[in-house]
Amino acid sequence: MTETNPTAWPAESTYALRVNGTEHQVPDSWVGESLLHVLRERLGLYGSKNACEQGECGSCTVLVDGRPVCACLELAAGCIDADVRTVECVAAGELLHDVQAALLAEGGVQCGFCTPGFVVAISELLDRSPDPGPLEVREALSGNLCRCTGYSRIFEAVTSVVEVRRGRP
Amino acid sequence: MAVRDRARGGLGTEAARPDGIPKVRGDFAFSSDLHVDGMLWGRTLRSPHPHARIRTLDVTPALAIAGVSAVITADDVPGELHYGLISADQPVFARDVVRFVGEPIAAVAADHPETARRALEAIIVEYDVLTPLVDAEAAAGWEPIHPDGNVIRSVVIRRGDAAATGDVIVEGTYEIGMQDQAFLGPESGLAIPAEDGSIDLHVATQWTHSDRDQVAACLAMPTDMIRLHLAGVGGAFGAREDVSMQVHASLLAKVARRPVKMSYLRDESFVGHVHRHPARFWMRHHADRDGTLRRVEVRTTFDGGAYASSSMAVIGNAARFSVGPYRVESVDIEATAVRTNNPPCGAMRGFGSVQVCFAHESQMDLLAAELGMDPVELRLHNALRTGDRLPTGQVLRGAAPVAECIRAAMAHPMPDASPDEVLARPGGAGRTSTATEIRRGTGLAVGIKNLMYSEGENDTASATVRLAGGVATVKSAAAEVGQGFVTIAQQIVREVLGVEEVVFHSASTAEVASAGSTSASRQTWMSGGAVAQASRLVAAAICQAVALREGLTPEEVSLDGTTVVTPTARIPLADAVPDQPIEIATTFHHAPTEPLDEDGQGDADVSFAFAAHRAVVDVDPDLGLVRVVQITTGQDVGRVLHPTQLLGQVEGGTVQGMGLAVMEEIVVQDGFVKNPSFTDYLLPTTLDAPEILATFIEEPEPDAPFGAKGVGEPPIISSGPAVVAAIRDATGAPLRRMPVRPADVALG
Ligand code: FES
Ligand code: FES
């Protein structure tokens, strides 16, 4: 049996996180909590998903200082002073982001559990590389698993965003 | 001929998914996203042994931990101690004996997931380890590991002349590994106790009413005291047909008198739900020189693992479809599902048809080679047609465009040579394949799947349709798991009632009767049938109301599409009774089926769907690495109700089938799952997904609402076997096992 000594549990601490441009106080958080756990269970931002919590699926993809990361692998306390962006800030109010609209129009959403991760990953890819080749798209999204779609509709969504942004129908 | 008004967003259109916008925004509440103030976190203590006697179980150290509100074991289960989808043979918690690694022993509820984890570690369990039964073929002769015995079900199908043979005989043995459904949304739910002792359970499931009945029985509560609500479901593929955490969470909430949320971690999920049965086959095919099949003999064993789940239905399918979509008069089939100390197996997309397809399609290729015949021609020559008799003696009465599916799959253009880029080679970014060594191969496979439940299990679906103020509302307990039934239901109502605005209300078990399970490719037919039937009854009620109001006889009021016609006026249905809400609940039935007799004869099935897949692969034979370049398919769909959703089902299912062919396997050694993570259980990624080209064969199914067949399962049945056939074509390796591992290719 593992020894259990409640008095030796890590101290709880309070810190601030900047998420989607807003400063949030995170009260009474255990130091070991992942960024994903804090976003979801402490800040109520459930958009980032938790399919594996082991860095294997990309459903928790968020941007930390503009870089896509698996929120389940980041310590929340390690993101103090960082700029965290989640799926919740991708749309401009009621207006869907073109990546979100394209995923819907092309049929890239079934159960939707992978979708927030793809929305963040595709938006980041196209910001960085506005006209990616097919293999570049596949490589960039290879950390995002989808069990429902077989990916073809997701690739179609990327293509359609690229074409519309280029001004081609 | 009456011209029907084509409602916007009706059948055949690209209607928008009603859950689409919340899903892309991250606002859609999946079961793992649920939370209420003051909720506790539940976790499950699981067996570390495949087979052991529990000597001591002491939970007091866990209860002593600050923040722990409840710890429950078998002693705390007030009602039935067992549950199960078909037969209640699985303990809610193991009491004396554990039968698989991961079997629940206790559960805790605590203020933080980490507290709950520590509480589990504090529970003291001592075991006497027993020898596990891990070889399915030894199960029948092994001492029973469960009071119900080790043989779950054996199905025999015998038909025709037992002495029949042909000019050519081919024989082979085959093996299929254990596949995981690997839905992304973890098993999760939130149980909320009410003042009156009743419980609201919000959970991701395929069948709320079945879960409710099982929870109520185990908690010794009347069924109306348990209200099952469908929470957002992150994929299912069969794995949510059985209860996972439903009973545990409800009981924890009852004992703790607080809401309890449970959400499995991925390694727990790998032992927390049933998988696709691993199976072994021996088959012998007899055929004439011209390729006509004369007799097929089949022996197969499916490993059901520790508990029955749906093994008895899976093995029934395996027996009935073991010949594949081919005509043959003489068969001798024996299919057995057994109990072992391996992880329990049950429903996964394809449900028995996937395993048999690998075996019968491998045999068809062997036969073609032996005959010196083109494998495509051999299949076309024997392809089932309407009017043919199946091995059960049942005459195939519906649409059976098997040959059309094959021709459609073959008619697609072949892919170009792969670009000479490392990422496009077998092995991808591993950069190990040498371009000059890569060989290309092509393979074809064809599958058959029953739609709805079979063998006298006459499933029904209920739904309610309400029309008020020009808005229609569907109330249904049909579980939306991603497939898009919510869209189809709206399209059906628009089509029948002509209203544009249709709300889909995912109703709890307290609001509607059962829709049956989201499985067996049945919801479009069954719940779609219920929605159509309710909508038509609403239309009829409107006609009656108009007659009454206008002082007309019932005969003077008729329907023309979605328009009410009276001697003096034509009024759209939605406007005909503007103020008075009309609500009708109804239950839909399919044509009854019958159980098989002792020779496996009987009209056991409602309907069948077919698909063919052609796969093209690139293989590095020395390294055993495979890249699936393209899969084309022809699928029998009856009628296309939603083009893009259909394509999504077909592409997604095809890739799951491809996964089983080349990478997906739960590796079980001595009863232990060796790879319970997405690092070690490989799912197809964006880099693995092939190009997919699909043709849909629209031959309306006479008995199906709107002529549409279920479409979810056929894509996964023959895609994997086609990929394996293509690897054989590229390498000449015999490949009697799926998934194909690198060593199977490289070392033969
Ligand atoms: S949940 Fe973070 S990668 Fe899967
Ligand atoms: S849509 Fe279900 S996992 Fe991608």
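**Exercises on two interfaces**

In this predicted model, 27 residue pairs are in polar contact between chain A and chain B, both partners being at pLDDT 80 or more.

**Exercise 1.** Describe the side of chain A that touches chain B, by helix and by residue class.

*Solution.* Start with the helices: α1 (35-42), α2 (98-106), α3 (115-128), α4 (134-140) and α5 (152-165) of chain A each give at least two residues to this side. Then sort the residues by class: 27 are nonpolar, 16 polar and 14 charged.

**Exercise 2.** Work out how many residues each chain brings to the contact and how much area is buried.

*Solution.* First count residues: chain A brings 57 and chain B brings 68. Next take the area: about 4,800 Å² is buried between the two chains, with 60% of it on carbon and sulfur atoms.

**Exercise 3.** Find the salt bridges across the interface of chain A and chain B, and check the one between D33(B) and K49(A).

*Solution.* The interface holds five salt bridges. For the pair D33(B) and K49(A), the N to O distance is 2.6 Å. The cut-off is 4 Å, so this pair counts as a salt bridge.

**Exercise 4.** Now look inside chain A and describe how domain 1 (12-88) meets domain 2 (98-166).

*Solution.* Their C-alpha centres lie 22 Å apart. Domain 1 of chain A puts 15 residues into the contact and domain 2 of chain A puts in 10. Together they bury about 940 Å², 69% of it from carbon and sulfur atoms. Finally, look at the pairs: there are zero salt bridges between these domains, but four residue pairs are in polar contact (both at pLDDT 80 or more). Strand β3 (residues 61-64) of chain A supplies the largest share of the domain 1 side, three residues.

Note on methods: Residues numbered from 1 in each chain as written. Chains lettered and ligands numbered in written order. Predicted model: local features only at pLDDT ≥ 70, side-chain atom pairs only at ≥ 80, totals over all residues. Heavy atoms only, no water. Contact = heavy atoms within 4.5 Å. Buried area = accessible area lost by both parts, 1.4 Å probe. Salt bridge = Lys/Arg side-chain N within 4 Å of Asp/Glu carboxyl O. Polar contact = N/O pair within 3.5 Å; in protein donor to acceptor, adjacent residues only side chain to side chain. Helix = DSSP H or I, 4+ residues; strand = E, 2+ residues; numbered from the N terminus. Nonpolar A, V, L, I, M, F, W, Y, C, P; charged D, E, K, R; others polar. Domains from an automatic or database assignment.
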